[in-house]
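Hi,

Here is the structure I said I would pass along. Have a look at it first, and then read on for what turned up.

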Amino acid sequence: MEFNDSLSTSMDDFGENTQDLEIPESLPMMAVRDVVVFNYMIIPLFVGRPGSIEAVNEAMNGDKLLMLVTQKDATRDNPEPDDLYRVGMVSMIMRTLKLPDGRLKVLVQALSKAKIRSFLQTEPCYRVEIDLVEEQETTEITVEVEALMRTVREQTEKIMSLRGMLSSDLMMIINNIEEPGRLADLVGSNLRLKISESQKILETVDPVERLRLVADLLHKELEVSTVQAKIQSDAKEEMSRSQREYFLREQIQALKRELGDEDAYSQEIEELHKKLKKKKMPKYAKKEARKQLKRLEMMHPDASEATIVRTYLEWFLDLPWKKSSRDRLDLKVAARVLDEDHYGLDKIKERILEYLAVRKLNKDTKGPIICFVGPPGVGKTSLGQAIAKAMGRKFYRLSLGGMRDEAEIRGHRRTYIGALPGRILQGLKNVKTNNPVFMMDEIDKIGDDYRGDPSSALLEVLDPEQNATFSDHYMNLPFDLSKVMFITTANRTDTIPGPLMDRMEVIQLSGYTLEEKMIIARKYLLPRQIRENGLRPSQIRIDDKTLEIIIRNYTHEAGVRNLERELGKICRKLARKIAEGGKGPYSISKNTLHRYLGPPRYLPETELDTLSQPGLVVGLAWTEVGGELLHIETSIFPGKGKLTLTGQLGDVMKESAQAALSYCRSRYRELGVEPGYFDTIDIHIHVPAGAIPKDGPSAGITMTTALYSAILDQPVKMGLAMTGEVTLRGRVLPIGGLKEKALAALRAGITHIVIPEENQKDLVDIPKELRKKITFHPVKHMDEVIDLALGKIKKNNRKKKDRSR
């Protein structure tokens, strides 16, 4: 190409052609960065910005003249007029070459210094009105000027020599220049000066002053270069024996590379050097990594410790110290993604959108630490995945169930064979970002033994005030976890240690109603099972009545996990039929459902008419799998005042039974019995399903009502269930899990529930459609419970039966 020809003769010819060139008052202007163009300079420029390319093309279409000015901030891709210096150089474009990537390579020669008077246009390129800055001529070279020029030449030679850049050709050119201004420009263009210092030289019009300014800068640069050379010299003199051995080994490796006999170990060390140089990490981490890499270089590759150090360095390079994924801060998009994957769960979705809103306004906000508490199958884990998808973050799941070793969280110390960092840093290494959605499942099932207490180790991880400097035993350096969004899940909170519970924002996930389950099955579960079993939606039809039967009679859960299994079973049987040559579509109705799922596994819990018996009361309980009915049966027979409790009751329920009996004994007048009546009978309280342990502080009023009903020989009203604890004075105390208990009652066809008055505030968490189907009766005292359950007490019933005996 012509661009690569020798420029010596053509430069001279070009100079002759431009001596009498007339420079117009307005020219296209191009901003350059990282360089200040001085007079007489011939410099190649790579042009890639659209505005700059337009300026070059406009100049080439005219007289090839272009105004070059330096921008103040080199990082600005589209500089405004205020981002540009006003003094620059009018330059002639000598040659241009279009590169394959669309950029231009331009060779320009600076002709005359000029100052921008005004900006005439900014699009598609800058065009400016200029005033030429006339160069003052030095009429007489005084002794002072001659001394100044000689000083500049000598200092330039010394600096070039100290830097190892001394060139005889360059020094010959410098020694032959007799004009102070031209000497200042040449030396200034070859020094490694800041842009502001170079621009100051350019803007100085007086040639002697300009040379004096260059001399001052040379003096400063000479001092720096001298001190730098002295430091290097001192360092070489103080080199230890190990360092000399290192350099000798490097020379040996260099010889091996020349001979083509370089070993794999040297290549590995070199590769680690390159990776460490590119890796972004905090200064303290990079300092430690370099220290370990130097140790590795000094070791024999077969040494056992070399493997340990190499693994340690690989962890330095693999951890995402400063690599973050960009959050999706569009709240509407995030809300749509959450709705696509999950139905309902409005509180959780609202909390996530609140966090994104705060993150949008304050990018330095710390990641929240949220704990989802609810029965199995309600979507806690899949909700974490949906949150990560909505936020545009990576997702990592860690199961804490059964974890007993503290090192699982904090890692092992490197003194142990096979030591590794804890599961926290392992997870961050896998996702390769330092701000993922990090889900910790089953936090309520952590154990502890002689190896430590993992829940105590989690106190630092799940504390926003501490996790910015989380220290893993293996890395032994602080790692910032404050950008991680931690989400934990649990079925219950009473097994979570108090200090750990205090660090988390608890959000309760209750079970789903029948209507919610049907919507979830239609929108999510059935389409997924159809897709996973290779079917088409047109090949299977399930009406709402059949779907309701599947939910009521084939599943018994708060969530939808078993429901999806049942739907999957139907889809698999249909897939087999189609694979054997059958043609659809297949309609699943209540009459054909048993062919696919067998007989119903769960019949209605108890017919309501069978519950209308003296001494039998329906209570409500909350378990890890949601709400359950609790049938309290009480029998009274002659005896000596003995109380028998059966049904694997826990200590709390046993105490509730004792309190219920004491309350009844204190109310003997209201019951219409003699004061010594309770000493003449034995009482047996039984809670069916004896193989299942039962405990909890919510069966007090149920047991008391059962005793009342048995003593009076009067059945409780049909369709009524109750929950609440009772004191010896008859006060009704509040309980938890009201929504789950209400769902259990609704599944059994119960439409009236007695609840403590203090639980009225929890009714807002119960869906409106559920509140329409169930009547809640808040009570403060046990007398109100008896009135609701038994109505008008027939006090003579028990007396008559006693006399008849």
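To get your bearings, in which helix is Ser-198 found? Ser-198 sits in α6, the helix that covers residues 195-203. Before you read too much into any of this, keep in mind that the model is predicted.

Is Ser-198 buried or exposed? Its relative accessibility is 8%, and the cut-off for buried is under 20%, so Ser-198 counts as buried. Leaving aside residues up to four places away in sequence, Ser-198 touches Val-36, Phe-38 and Leu-193.

Now the big picture. The protein has 805 residues, and 46% of them are buried. Its secondary structure comes to 29 helices and 24 strands. If you take the contacts between residues at least 6 apart in sequence, 74% of them join residues at least 24 apart. The accessible surface is about 42,000 Å², with 49% of that belonging to carbon and sulfur atoms.

Next, the cavities. Searching the whole structure for cavities of 30 Å³ or more turns up two. I spent my time on the second largest, which has a volume of about 40 Å³. What lines it? You will find Leu-272, Leu-276, Ala-289, Leu-293, Leu-313, Phe-316 and Leu-317 around the second largest cavity. By class, that makes seven nonpolar residues in the lining, with no polar and no charged ones.

Three helices each supply at least two residues of that lining: α9 (264-278), α10 (283-298) and α11 (304-318). Which helix gives the most? That is α11, with three residues.

Since α11 gives the most to this lining, I looked at that helix further. With 15 residues at 1.5 Å a residue, α11 should span 21 Å, and its end C-alpha atoms are 22 Å apart, so the two agree. The buried residues of α11 are Ala-306, Val-309, Arg-310, Tyr-312, Leu-313, Trp-315, Phe-316 and Leu-317. Among them are Leu-313, Phe-316 and Leu-317, which also line the second largest cavity. As a reminder when you look at the spacing, an α-helix has 3.6 residues a turn, so residues three or four places apart point the same way.

What covers the buried residues of α11? The cover includes α9 and α10, along with α16 (423-431). So when you open the model, α9, α10 and α11 are the helices to display for the lining of the second largest cavity, and adding α16 brings in another part of the cover over α11.

Cheers

How values were computed:
Residues numbered from 1 in each chain as written. Predicted model: local features only at pLDDT ≥ 70, side-chain atom pairs only at ≥ 80, totals over all residues. Heavy atoms only, no water. 1 Å grid on protein atoms, 1.4 Å probe; cavity = no way out; pocket = protein on both sides within 12 Å on 5 of 7 lines; lining within 4 Å. Points joined across faces, edges and corners; volume = space filled by probe spheres on them. Helix = DSSP H or I, 4+ residues; strand = E, 2+ residues; numbered from the N terminus. Nonpolar A, V, L, I, M, F, W, Y, C, P; charged D, E, K, R; others polar. Expected span 1.5 Å × (residues − 1). Buried < 20%, exposed > 50% of the residue type's maximum accessible area, 1.4 Å probe, protein only. Contact = heavy atoms within 4.5 Å. Areas by Shrake-Rupley, 256 points an atom, 1.4 Å probe, with all protein chains shown as cover.
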